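Please open the model in a viewer and keep the sequence panel visible. The tour below proceeds by selection, with a description of what is found at each stop.

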Amino acid sequence: MTLSTRIRSGGCLCGAARYTVRGEPLRVGLCHYSDRRKSSGSVFVAFAVWPRSSFCQSGETSTYAGRSFCPRCGGRLFCLSDRFAEVRIGSLDDAPSDLQPIQEIWIKRRETWLHPIEGAPGNTKRMPSMPWILRKTELSLPRFHFIPPPFRANPGRC
Ligand SMILES: [Zn+2]
């Protein structure tokens with residue numbers, strides 16, 4: 001099996017919602033944003049983004065503000081758009097995973113007792129984790145604008 005065909009699996013705590021992602025992620029990062037903190041109950045979210053076409057799910061999920069979770073056990077799982085699948089690394093079956101964050105976003109909200117990721121580019125206030133929410137405008141790097149999320153309440157199955 002080559003790296004490009006590697007399949008990782010994940011799911012919720014009770015096992016009712018499952019998913020797989022094929023190949024290597026487009027990026028891996030940590031987000032300290034206040035919405036992420038509130039939705040996870042943790043002080044940051046570790047995420048990895050794959051092309052939507054590399055993502056496959058089974059079982060029932062519910063979605064709130066683009067964030068999908070198991071309606072039975074409440075396990076937070078992923079955010080889906082037509083183009084991307086952003087998976088919460090903690091929901092992967094392998095622990096620890098082999099995924100290394102290479103970016104941090106919203107470091108303004110990082111807990112003071114957490115150390116920065118050494119050498120991580122993008123230690124900025126508004127680098128997009130969910131690329132459909134903030135998108136780079138043209139070629140001017142630091143400017144981002146809001147894009148209405150194309151979230152679907154009932155994402156398609158593969
Ligand atoms: Zn569950």
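Begin by selecting tryptophan 106. This is a predicted model, and in it tryptophan 106 is buried, because 22 other C-beta atoms lie within 10 Å and the threshold is 20 or more. Tryptophan 106 sits in the loop between strand 10 and strand 11 (134-136). Its phi is positive, about 55°, although the residue is not a glycine. As background, most residues other than glycine have a negative phi.

Next, select alanine 65, another non-glycine residue with a positive phi, here near 50°. Its place is the loop between strand 6 (62-64) and strand 7 (67-69). Is alanine 65 buried or exposed? Alanine 65 is exposed, with 10 other C-beta atoms within 10 Å.

For a further backbone feature, select alanine 95 and proline 96. The peptide bond from alanine 95 to proline 96 is cis, with omega near 0°. As background, most peptide bonds are trans. Proline 96 belongs to the loop between strand 9 (84-88) and strand 10 (103-105).

Now turn to the interior and select Cys31, Phe47, Trp50, Leu77, Phe78, Ala85 and Val87. Within the largest nonpolar core, which has 27 residues, these touch the most other members. At least two residues of this core come from each of strand 2 (18-22), strand 3 (27-31), strand 4 (45-51), strand 8 (76-80) and strand 9. Which strand gives the largest share of this core? That strand is strand 4, with five residues.

Keep strand 8 selected. Five of its five residues are buried, so strand 8 is largely enclosed by the rest of the structure. On one pairing, strand 8 runs antiparallel to strand 7 over three bridges; on another, strand 8 runs antiparallel to strand 9, also over three bridges. Phenylalanine 78 can be followed through both pairings: serine 68 stands opposite phenylalanine 78, and the bridge partner of phenylalanine 78 in strand 9 is valine 87.

The connections between these strands are the next selection. The hairpin of strand 7 and strand 8 has six residues between the strands, and in this hairpin glycine 74 takes a positive phi near 80°. Strand 8 is joined to strand 9 by a hairpin through three residues.

Select arginine 83, which lies in the loop between strand 8 and strand 9. Arginine 83 counts as exposed, because 12 C-beta neighbours are found inside 10 Å and the limit is 12 or fewer. Add arginine 52 to the selection: the C-alpha atoms of arginine 83 and arginine 52 are separated by 4.9 Å, although the two residues are 31 residues apart along the chain.

Finish with the open sheet formed by three strands in the order 1-2-5, in which the pairing is antiparallel. Which strands lie at the edges? They are strand 1 (7-11) and strand 5 (55-58), each of which pairs on one side only. Neighbouring strands of this sheet are turned by 20° against each other on average, direction ignored. To inspect one pairing in detail, display strand 1 with strand 2, which pair in the antiparallel sense over five bridges. There, isoleucine 7 stands opposite arginine 22 in strand 2.

Methods. Residues numbered from 1 in each chain as written. Predicted model: local features only at pLDDT ≥ 70, side-chain atom pairs only at ≥ 80, totals over all residues. Helix = DSSP H or I, 4+ residues; strand = E, 2+ residues; numbered from the N terminus. Core = buried A, V, L, I, M, F, W, Y, C linked by C-beta atoms within 7 Å. Pairing = 2+ DSSP bridges. Axes fitted to C-alpha atoms, helices over the stretch in contact; angles between N-to-C directions.
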